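Visitor: I should like to learn how to read a structure of this kind, one feature at a time. May we begin with the surface that faces the nucleic acid?

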Amino acid sequence: MAREVAGRPPEETLSLWKREQALLKGRVVDRDTEAWQRDPAFSGLRRVGGVDVSFVKGDSVSACASLVVLSYPELEVLYEDCRMVSLTAPYVSGFLAFREVPFLVDAVRRLREKEPHLMPQVLLVDGNGVLHHRGFGVACHLGILTDLPCIGVAKKLLQVDGLENNALHKEKIRLLQAGGDTFPLMGGSGAILGMALKSHDHSTKPLYVSVGHKMSLEAAVRLTRGCCRFRIPEPVRQADIRSRDYIRRTLGGPGPPRTRAGEEPEGAETRGGPQGRLRRAGR
DNA sequence: GCGACAG
DNA sequence: ATCTTGTCGC
C-alpha cells in the first residue's frame, strides 16, 4: 500500500526542529578525538561504518534503513543490517535528520547490543555535517545521538551561507586533477564549512565532505578518500546497494510476489531473519 | 511566476 | 530519494 506522508510540516514543527538542532549543535566536537585519526596511515583504525536509507518507489513512507561495517583498509563487509521502516516525517531540506536519523540510531543500538565488537570506529553518512543551513546536518545529528565520530559525505553541494554551484564553483571542479585533490568551501563568515573532494582520478563530480562529529575536516577528507574504490566511498556505497537490494528482494523483482496474502507462515523471513544479518563476512 | 531543493 | 537500457570508454 503506497502511503503518503504529510506534505510540509507546520511552521511550529519546523521551529521545534530548529530549536532541537541549535541545542544539539552545542555538543558537536570538530576536532580529532581518537589516536588513529592523527596517524598518517590511520593505523589503529579497523572498522568503518556506513549508513543509508533507500525508498520504495511509489511510496514516501516505506523505506529500508541500513548500516554496514567494513574492515579498514581492506574495505570488506563485516556486518550488514537492513530493516524495513515506516517514515513519519517528510523530507524538508535542512531537516533530513528528522526523517532518517531515528532509524539509523536504532541500527547502531542493535549492533551495540548484539555485536558490540563490530562497532565501527567512525561512520560515513550520506548527507552533510556542519555544511548545513544551521551548521547541524544529519551527520552531526547522528554523531551526537550515537557519540560516534561521523563524517558527512554529500553528492551535491548544499547551497548555504553564500556557497553557490555557480560558474566559479564549476571551474574549480574542472581544475581538480587527480583523485584526492580538493578545494575548500568557505562560508560567508570566512569559515571553512567543508571540502570538495575528487574521490578518484576519473570522477567528474566531486564529493562534498564536512565534519559530522569527533573528527577534524582534514582527517575526514583523508579518510573519505581512503574509503573510495569508486566515486562513492565503500561504506556508504555498500549501505546504499544493500538497502536497495533488500527492497528489491522484499517487494520488487519479477514474478509473483514472494508472499501472497494468506500464504507464508507468520513472521519468519524467507532469508535469514528480519535484518538479513551477517552475510559474506570478510576474511 | 521563478528559482531552489542534502536525501 | 526515484523514474531507467544501452552505450561509450578504459
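Guide: We may. Please keep in mind that this is a predicted model. The residues of the surface near DNA strand C divide into 3 charged, 1 polar and 1 nonpolar.

Visitor: Which residues lie around DNA strand C?

Guide: They are S54, F55, K57, K155 and R244. On the nucleic acid side, sugar and phosphate make up 100% of the atoms of DNA strand C that come within 4 Å of the protein.

Visitor: Which polar side-chain contact may I inspect at a phosphate oxygen of DNA strand C?

Guide: Please look at K155, where a polar side-chain atom lies 3.0 Å from a phosphate oxygen of DNA strand C.

Visitor: Next, the strands. Is strand β1 largely enclosed or largely open?

Guide: One reads this from the burial of its residues. Strand β1 covers residues 47-55, and 7 of these 9 residues are buried, so the strand is largely enclosed by the rest of the structure.

Visitor: Which way do β1 and β2 run relative to each other, parallel or antiparallel?

Guide: Strand pairing is read from the bridges and their direction. β1 and β2 (residues 62-71) run antiparallel and are joined by 9 bridges. Within this pair, R47 stands opposite S71 of β2. The two strands form a hairpin, with 6 residues between them.

Visitor: How many bridges join β1 to β4?

Guide: There are 4 bridges, and β1 and β4 (residues 122-126) run parallel. Here G49 stands opposite L123 of β4.

Visitor: How should I read the interior? Which residues of the largest nonpolar core touch the most other members?

Guide: A nonpolar core is a set of buried residues joined through side-chain atoms within 4.5 Å. The largest one has 28 residues, of which L45, Y72, V122, L124, I151, M215 and L223 touch the most other members. Elements that give two or more residues to this core include β2, β4, β5 and α7. The most comes from α6, with 5 residues.

Visitor: What does L45 touch?

Guide: Leaving aside residues up to four places away in sequence, L45 touches W36, Y72, Q121, V122 and L223. Separate from this core is a second one of 26 residues, among them A63, A65, L118 and C150.

Visitor: Finally, what is the secondary structure of chain A, and how much of the chain is buried?

Guide: Chain A has 7 helices and 8 strands. Of its 283 residues, 51% count as buried. Among contacts in chain A between residues at least 6 apart in sequence, 68% join residues at least 24 apart.

Key
Residues are numbered from 1 along each chain as its sequence is written. Chains are lettered from A and ligands numbered from 1 in the order in which they are written. This is a predicted model: local features need pLDDT of at least 70, side-chain atom pairs count only at pLDDT 80 or more; totals for chains, interfaces and linings use all residues. Side-chain values use heavy atoms; hydrogens and water are left out. Buried means under 20% relative accessible area, exposed over 50%, partly exposed in between (1.4 Å probe, protein chains only). Two strands pair if DSSP finds at least two bridges between them. A residue is near a molecule or strand if one of its heavy atoms lies within 4 Å of it. A polar contact is a pair of N or O atoms within 3.5 Å; within protein, one must be able to donate a hydrogen and the other to accept it, and residues adjacent in sequence count only if both atoms are side-chain atoms. Ala, Val, Leu, Ile, Met, Phe, Trp, Tyr, Cys and Pro count as nonpolar, Asp, Glu, Lys and Arg as charged, and the others, Gly among them, as polar. Contact means heavy atoms within 4.5 Å.
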